[in-house]
Amino acid sequence: MNLAFTKVVTPFLIFALVAAMGCKPGPESEELLELERMLQDPKALEIRDSPGASRFFQEARQFRRVAREAHDERKDDLSREYAVLGTLRYRTAVAIAMQFEAKQRLDSANVKLEEVNPVLRATNAERNKLVGEVTQLEQQIGASVRARAENERQQADQNKSTFQAANTTSQTSLAQVHDRIREVEAVRAKALEVKADQFAKALFDRADGQLHSARDLANSQPGATDIIMQQVEHAMTMYREAQTSAEPLFKDAERKMQPDNRIAAIRTESQNNFGAPYTITEFNGVRIVMARLFEPQTGNFRFNTESLIDALAKVCQDYGEFTISIEGYTQRKGGATENLATSQLRAHKVRDYLINKGVKSERITTEGFGQDRLRYTDSADNNDRVEIILRHSR
Amino acid sequence: MDVLAKSKYLVIVLTVFVGFMAFGEPAFANPAARYKQQIEQFKTMLEEQKQADTKGVSEKDRALTEKWLQESEVLLANGNGEATGRRLRRVEYALDLIRAMVAASNIDALAQQQEENFHSSGEQINAFEVEITELQRKKETLNQELQRVRQ
């Protein structure tokens, strides 16, 4: 009985064992193993929680699941394919997490720069002020040395006649001479009010020379009042002439330097240089649109745009009291994030060019807007542009 | 509504349906043409990413994607539509990856540049401060000199 049972059951058992061995799936593919390894990495949790990356991370997990199912069903090719797609999705999630980290670094660096810029500006302003004062002092010393030399020469020339004159009876008293000198000093002060020392420098310096000479003579040869008076009168005439010559120039310069006139002037000059369609009136300034300035999707200038940027640099230099805001833009081609980075690169490229041309860096700010705010709908390439806002700092 | 009016509406609806079937979405009528069009689009996109990738961070992935694109062309020429579709799906996902890598690299470069700007600002402030000290000293000396020559 037992033998018969064994004979009947044994073939069934052997068949079942072979069938079970045949049905068991083989080892997982390398692609699936790699995907498993990536998703089990401790860093995967950080990537899952990174903004924008979670979608790709979830897709990678779904591909792992279907790849396992396909493997269990012994569809190895399909399992491998899903594993490849899952790996690509996981790596995309990693790249997006890296983007987020880089953006945080960028924001942090921008904040630090914003903090340090006012200090830089203040230090630079103090330095510039000192440079101006030192230059002025050097000029004053030079003028004084020249005047002194001139006085000495004149005094040497006049020594002989002075001694003679001192011995003659003078028609003018020393008190009158001093009164007249005070009058001359008053006229000198008026001449200085219209900056005659700048706008009629030669005449003013000669008058100064005469006045110094007269003072010296009054101290050293008080008897030679006629000659002193002659010098004083000469100085008086020259101061008045210097004042008359300087006055229109001073008024003109003053008028030109008034903010409203400067703003009007920069608008006109911008229109002349860049054309009316590319020049837009802004509050206290002007916006210059430099369309089609860059190669698409890069921060490289197009060929033959140098003269245009040079013209911009010249305007920036001529109007040194205006702040400069550079805004970078792109057309809607490629990814929005990438375009944002490109637009910032473009704004920086123009900033660096201006700095190389001598424009002070502390006047310049930059910003990138990416593919937002398209200005041109008829020609996409025109949107590969920067816009420069020059604004009076009153 | 009488029978005649009902028939009229039926004829109109049928005409619209037949017209849609005959002329609507011709590109999807032929999968091979659609794949071909997709291959060309992907090639263009890949070239664009090549231009944008100034640091070459996606070089290896671009090479792999190009290989898959070539394979899909061969598969399409052999009339293997299903395999072509699978390859193109890989290419599509690989392009997403490349775009993300290139953008991350560009933003990183920008961040690095701003950090360098920050450091150079600090150095510039120090240089200005040294210069200011020297200028103040020089100003003092020149003031004394001016007093001397004016005496």
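## Largest pocket: contributing elements

In this predicted model, the lining of the largest pocket draws at least two residues from each of several helices of chain A, namely H5 (76-167), H6 (174-193), H7 (196-199), H8 (201-220) and H9 (225-256), and likewise from helix H5 (81-150) of chain B. The largest share of this lining comes from H5(A), which supplies 13 residues.

## Largest pocket: volume and lining

The volume of the largest pocket is about 960 Å³, and 33 residues line the pocket, with A:Gln140, A:Ala143, A:Ser144, A:Asp205 and A:Asp208 lying nearest its centre. Sorted by class, the lining of the largest pocket holds 13 charged and 13 polar residues, alongside seven nonpolar ones.

## Second largest pocket

The second largest pocket encloses about 740 Å³ of space and has a lining of 31 residues, among which A:Leu113, A:Asn117, A:Arg351, A:Ile364 and A:Thr366 lie nearest the centre. Two or more residues of this lining are given by each of H5, strand E3 (322-328), helix H12 (336-356) and strand E4 (364-368) of chain A, and by H5 of chain B.

Here too H5(A) gives the most to the lining, with seven residues, and the classes represented in the second largest pocket are 15 polar, eight nonpolar and eight charged residues.

## Domain layout of chain A

Chain A is divided into three parts, with domain 1 covering 25-94, domain 2 covering 135-252 and domain 3 covering 259-392. Between the C-alpha centres of domain 2 of chain A and domain 3 of chain A there is a distance of 54 Å.

Conventions
Residues are numbered from 1 along each chain as its sequence is written. Chains are lettered from A and ligands numbered from 1 in the order in which they are written. This is a predicted model: local features need pLDDT of at least 70, side-chain atom pairs count only at pLDDT 80 or more; totals for chains, interfaces and linings use all residues. Side-chain values use heavy atoms; hydrogens and water are left out. Domain bounds come from an automatic or database domain assignment. On a 1 Å grid over the protein atoms alone, a cavity is a set of points where a 1.4 Å probe fits but cannot get out, and a pocket is an open set with protein on both sides within 12 Å along at least five of seven lines; lining residues have an atom within 4 Å of a point. Grid points are joined across faces, edges and corners, and a volume is the space filled by probe spheres set on the points. Helices (H or I, at least four residues) and strands (E, at least two) are DSSP runs, numbered from the N terminus. Ala, Val, Leu, Ile, Met, Phe, Trp, Tyr, Cys and Pro count as nonpolar, Asp, Glu, Lys and Arg as charged, and the others, Gly among them, as polar.
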